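Reader: Please present the model and explain how its interior is arranged.

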Amino acid sequence: MDTEERVEVVLPGEVEPEGLEIRRGSVPVPGPGRLLVRTEATGVSFAEQQMRRGRYYDQPPFPFVPGYDLVGTVLATGEGVAPELAGTRVAALVKVGGWASHVLVDAADVVPVPEGIGAAEAETLVVNGITAWQMLHRKARVRAGQTVVVHGANGGVGSVLVQLALAAGARVIGTASARHHEALRAQGVVPVDHRAPGLAARLRALAPGGVDAVFDHVGGRGIVDSWRLLAPGGTLVSYGSASTRDAEGSKQWPVLKLLIRVWLWNALPNRRRARFFNIWAGRALAKDRFRSRLRADLGQVFAALQRGEVTARIAAQLPLTRVADAVRLAESGTVSGKVVLIP
């Protein structure tokens, strides 16, 4: 192990993708309760696209190593950790630090990856899979026979949401660019062009009585249209403010505005619910409960992958040292699925 070196990508400030820096150093040693994981796959999430613009609402101060999640093999275990974990393949949700060849993580935070699932495949389903599963089953509690609207149905989270909703027996209406409609139709989704005028009216025409759930990652003004689509008893799940990615000004304000809206809507006696989804909610207050839920939910997603209900959408695989190309590709809006980095 002494011959190995650690390679990591550093985000030095608000830079273009070419401004990301490659740094090399020695491989760290895990302390008590921790593991050293050799990363086999990490990826470019929407969070990193916001972070490089300084727009992610609780990102650490620059410089830091981005990387929301990773899949890899345990190389070494620290004191108090079962030594037999060494050599096993695990997934971890880390928020930052994943864009590195070797990462230290708390042993309690890793989820085992079942045999037969490749590292890149598993990587596409860590943050995206947990997000989709928890929104669908814990927030909206979608059941067979219900109708749901998924905005960005071809995106990282959206594509998993669509598949899990179909597996649950729901009718799915998905918004996406016209070039993705054929693929969505083949899955059983009713596609709607999100760029064409009169989107809200066209969605309403497809479900005149309203829908049971709307999953909205766009935020901004369109969130009001999403709320109005709900039938009585329906749930709006808001999970981001993609519309403000390139905006100026406060990075907290778009999220705060969403939270205020959600609170106001829930205060109204209207038999509809709004939920703001944050994957980290509950971690600070009840860490053990947070971890067991995460392990259970990612386990469900991996099981759905093994059953063929969900497919791992790998848009491209690029070496970690080509991170600038990977970020450009992920931000281009031309790919379906996740851009995966291979250290």
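The exchange below concerns this predicted model.

Reader: Which helix contributes the largest share of the largest nonpolar core?

Author: The largest nonpolar core holds 71 residues, and Tyr-68, Leu-93, Trp-99, Leu-161 and Phe-215 touch the most other members. The largest share of this core amounts to seven residues. These come from residues 287-307, which form helix H9.

Reader: How many residues are in the other core?

Author: Another core lies apart from the largest one. Its members include Leu-199, Ala-207, Leu-229 and Trp-265. The number of residues in this other core is 20.

Reader: How many of the twelve residues of H4 are buried?

Author: Helix H4 spans residues 156-167 and reaches 17 Å from its first C-alpha to its last, close to the 16 Å expected. Its buried residues include Val-157, Leu-161 and Ala-165, and what covers the buried residues includes helix H3, strand S9 and H9. H4 is mostly covered, and the count of its buried residues is nine.

Reader: Which residue just after H4 takes a positive phi?

Author: The helix itself ends at residue 167. Just after H4, a positive phi of about 90 degrees is taken by Gly-169.

Reader: Is His-102 buried or exposed?

Author: His-102 is placed in strand S6, residues 102-106. Leaving aside neighbours within four places in sequence, His-102 has contacts that include Glu-4, Arg-6, Val-27, Leu-36 and Leu-75. Its relative accessible area is 2%, and a residue under 20% counts as buried. Therefore His-102 is buried.

Key. Residues are numbered from 1 along each chain as its sequence is written. This is a predicted model: local features need pLDDT of at least 70, side-chain atom pairs count only at pLDDT 80 or more; totals for chains, interfaces and linings use all residues. Side-chain values use heavy atoms; hydrogens and water are left out. A nonpolar core is a set of buried Ala, Val, Leu, Ile, Met, Phe, Trp, Tyr and Cys residues joined through side-chain atoms within 4.5 Å. Buried means under 20% relative accessible area, exposed over 50%, partly exposed in between (1.4 Å probe, protein chains only). Helices (H or I, at least four residues) and strands (E, at least two) are DSSP runs, numbered from the N terminus. The expected span of a helix is 1.5 Å times one less than its number of residues. Contact means heavy atoms within 4.5 Å.
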